[in-house]
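Here are some notes for a colleague who is meeting this structure now. The points below are meant to be read with the sequence and the model side by side.

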Amino acid sequence: MDPLERLLAEHACERLVIDFVRRLDLGEPSSVAGLFTEDGWWEWPPPGDGRRAEGRAALAAYFGSRPPGRLSRRVMSNILVTVTGPDTATATSYFQTYRVDGYDAGREGGSGGAMVPAGPPVQVGLPHSRLRSSGGTPIEDGFRRVDGRWLLASRSLVLPFGGPTPTAGG
């Protein structure tokens, strides 16, 4: 792969990671399913709560089941994409999730909603898989190019820091 092709692949994969969290926070959460391959999967393995969704329909249902009144903002950083082949790549990244339930977008602020008091993030972690490469290093987000378009093939979260979601006004 020539340097320009590698750079374009890295950028496309990084953009997927950012688009994923933007859709969860500001768009239609179920639309993140369209960022995955047909057989793509997302999981939160133990010691998390063991959630897993596989395939676009299951991913759309899972992410579309977001509780009403949930306000969230995720911060992604340290996104490092490694192109592993002409149509495959992996990435590591770190994230923080600021989230509150019971948010009323119409209260006190019109379309922007009321201000929520600042608090610590409820999740801090990194996407990472239980799978291991032959070299013993973790395989993080997996990407695959399908018909010229880069898509997520897998995403598995590990949360070294996590806590319950607070309730607005509570």
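1. In which helix does Asp25 lie? Asp25 lies in helix α1, and, since this is a predicted model, what follows describes computed values throughout. Asp25 counts as buried because its relative accessibility is 12%, which is under the 20% cut-off for that class.

2. The surroundings of Asp25 deserve a careful look. Leaving aside its neighbours within four places in sequence, Asp25 is in contact with Ser72, Arg73 and Arg74, and the side chain of Asp25 makes a polar contact of 2.4 Å with the side chain of Arg74.

3. Helix α1 itself has 24 residues and reaches 34 Å from its first C-alpha to its last, which is close to the 34 Å expected at 1.5 Å a residue. At the N-terminal end of α1, Asp2 acts as a cap, with a side-chain oxygen 2.9 Å from the backbone nitrogen of Leu4. The buried residues of α1 include Ala9, Cys13, Leu16, Val17 and Phe20, whereas Leu8, also found in α1, is exposed because its relative accessible area is 53%. Together with Leu4 and Leu7, Leu8 makes a nonpolar surface patch of about 320 Å².

4. For the overall layout, the protein has two helices and seven strands, which follow the pattern α-β-β-α-β-β-β-β-β when read along the sequence. Of its 170 residues, 36% count as buried, and the accessible surface comes to about 9400 Å², of which 56% belongs to carbon and sulfur atoms. Among contacts between residues at least 6 apart in sequence, 61% join residues at least 24 apart.

5. How many salt bridges does the count come to? The count comes to nine salt bridges. One of them joins Arg56 to Glu38, with the closest N and O atoms 2.5 Å apart; this pair links distant parts of the chain, Arg56 being in helix α2 and Glu38 in strand β1, 18 residues apart. Arg56 counts as partly exposed at 25% relative accessibility, while Glu38 is exposed at 57%.

6. A further salt bridge is formed by Asp39 and Arg144, whose closest N and O atoms are 2.6 Å apart. Asp39 lies in strand β1 and Arg144 in strand β6, so the pair ties together parts that are 105 residues apart in sequence. Asp39 counts as partly exposed at 43% relative accessibility, and Arg144 counts as partly exposed at 31%.

7. The side chains of Asp101 and Arg70 also meet in a salt bridge, at 2.7 Å from N to O. Here Asp101 sits in the loop between β4 and β5, and Arg70 in the loop between α2 and β3, with their positions 31 residues apart in sequence. Asp101 is buried because its relative accessible area is 18%, whereas Arg70 counts as partly exposed at 24%. Separately, Glu43, Arg52 and Glu54 are linked in a network of salt bridges.

8. Two backbone angles are worth checking by eye. Asn78, in strand β3, has a positive phi of about 55° although it is not a glycine, and Asn78 is exposed, with a relative accessible area of 52%. Asp147, placed in the loop between β6 and β7, has a phi near 50°, again a positive value in a residue other than glycine, and Asp147 counts as exposed at 83% relative accessibility.

Technical notes:
Residues are numbered from 1 along each chain as its sequence is written. This is a predicted model: local features need pLDDT of at least 70, side-chain atom pairs count only at pLDDT 80 or more; totals for chains, interfaces and linings use all residues. Side-chain values use heavy atoms; hydrogens and water are left out. Patches are made of residues with over 30% relative accessible area and no salt bridge: like charges are joined within 9 Å, nonpolar side chains (Val, Leu, Ile, Met, Phe, Trp, Tyr) within 5 Å. Accessible areas come from the Shrake-Rupley method with a 1.4 Å probe; for residues, only the protein chains shown count as cover. A salt bridge is a side-chain nitrogen of Lys or Arg within 4 Å of a carboxyl oxygen of Asp or Glu. Helices (H or I, at least four residues) and strands (E, at least two) are DSSP runs, numbered from the N terminus. Buried means under 20% relative accessible area, exposed over 50%, partly exposed in between (1.4 Å probe, protein chains only). Contact means heavy atoms within 4.5 Å. A polar contact is a pair of N or O atoms within 3.5 Å; within protein, one must be able to donate a hydrogen and the other to accept it, and residues adjacent in sequence count only if both atoms are side-chain atoms. The expected span of a helix is 1.5 Å times one less than its number of residues.
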